[in-house]
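Here's a quick tour of a structure, taking in its nonpolar packing and a couple of backbone oddities. Have the coordinates open as you read.

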Amino acid sequence: MAAVQSLGFLGAGRIANALVRGFLAANVLPQKNIYASARSKGSLDEIGKFGINVTHDNGEVVRNCKVVWITLKPHGVCSVLREVAPYVTKDHVFVSAAAGISLSNMEKNLPHETKVFRTMPNTPVSVCSGVTIYAPGTMVTEKDEEALDAMLSSVGISMKMEEHYMDIMTGLTGCGPTYGAANMVLKSGQHPVELKDEVCSPAGTSIQAVRLMEKSGYRGILMDAVHIASKRTAELARLRNGEEEDDVVKKWDH
């Protein structure tokens, strides 16, 4: 994969929006060289606000872009890959951000020897503070890896790993912004709840993690943790002012 000249997105949901925003902010390439496709007019209208090319035609994206991100819901990936397969050349590179879709699944639904990557970016890529893990397919070269790593590093941290670790790391990096991303709050101007909802796709991985945290009283644990830390800070301040530790603790207990 040479230096990226054009970039396509099959699917225009939350992670596609985050990547487009980040790549434009990092000056990876101009708006006119980015294409995105989706069935939903609403999705295209949303991502089209960045000034990129939008279309309902998946084939148009592949015909115009040699590096193509797969940012679809997992259940739709294989059928779309078969749909665009007639337009794929040896120069194409497909980069999937679809949770649970293996490299072998992509390779068997695309022409023989197509280069594919499996990745898991997270939404802070939108403010160039993301973490993206990736695993290369069987046909990927060292130069391809270097080019992808450079692209991903422009919007945060990029890490290569073996594919069998991807599911574990999805829970850490892909879902991580759900648990709190201060830089996104500061730079986007959005409320933390809005940012959490952007990460949590219906029936996806992040919302399952949120469900468990809510069930386990996560908010209460955080509030208690802040309270106990604040309490100890005050205790230490009083100790520095000459009070005895036992006297300070008694004041808090009462």
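What follows covers the cores and then two loop residues.

Keep in mind that this is a predicted model. Let's begin with the packing inside. The largest nonpolar core holds 32 residues, and the members that touch the most others are Leu 7, Phe 9 and Trp 69. Several elements each supply two or more residues to this core: the strands β1 (7–10), β2, β4 (67–70) and β5 (93–96), along with the helices α1, α2 (41–48) and α6 (142–153). The top contributor is α1, which puts in 7 residues.

Phe 9 is a good place to zoom in. Leaving aside residues up to four places away in sequence, Phe 9 touches Ala 16, Leu 19, Val 20, Phe 23, Ile 34, Tyr 35, Ala 36, Ser 37, Val 61, Trp 69 and Thr 71. Trp 69, then, is one of the contacts of Phe 9, and both are among the best-connected members of the core.

There's also a second core, separate from that one, with 25 residues; Ile 70, Met 106, Leu 110 and Met 161 are among them.

Now for the backbone. Two residues that aren't glycine have a positive phi, and here they are with their loops:

| Residue | Phi | Loop between |
|---|---|---|
| Asn 27 | near 55° | α1 (14–25) and β2 (34–37) |
| Glu 113 | about 75° | α5 (103–108) and β6 (115–120) |

Is Asn 27 buried or exposed? Asn 27 counts as exposed because its relative accessibility is 67%, and the cut-off for exposed is over 50%. The loop holding Asn 27 runs between α1 and β2, two elements that also feed the largest core.

Key. Residues are numbered from 1 along each chain as its sequence is written. This is a predicted model: local features need pLDDT of at least 70, side-chain atom pairs count only at pLDDT 80 or more; totals for chains, interfaces and linings use all residues. Side-chain values use heavy atoms; hydrogens and water are left out. Helices (H or I, at least four residues) and strands (E, at least two) are DSSP runs, numbered from the N terminus. Buried means under 20% relative accessible area, exposed over 50%, partly exposed in between (1.4 Å probe, protein chains only). A nonpolar core is a set of buried Ala, Val, Leu, Ile, Met, Phe, Trp, Tyr and Cys residues joined through side-chain atoms within 4.5 Å. Contact means heavy atoms within 4.5 Å.
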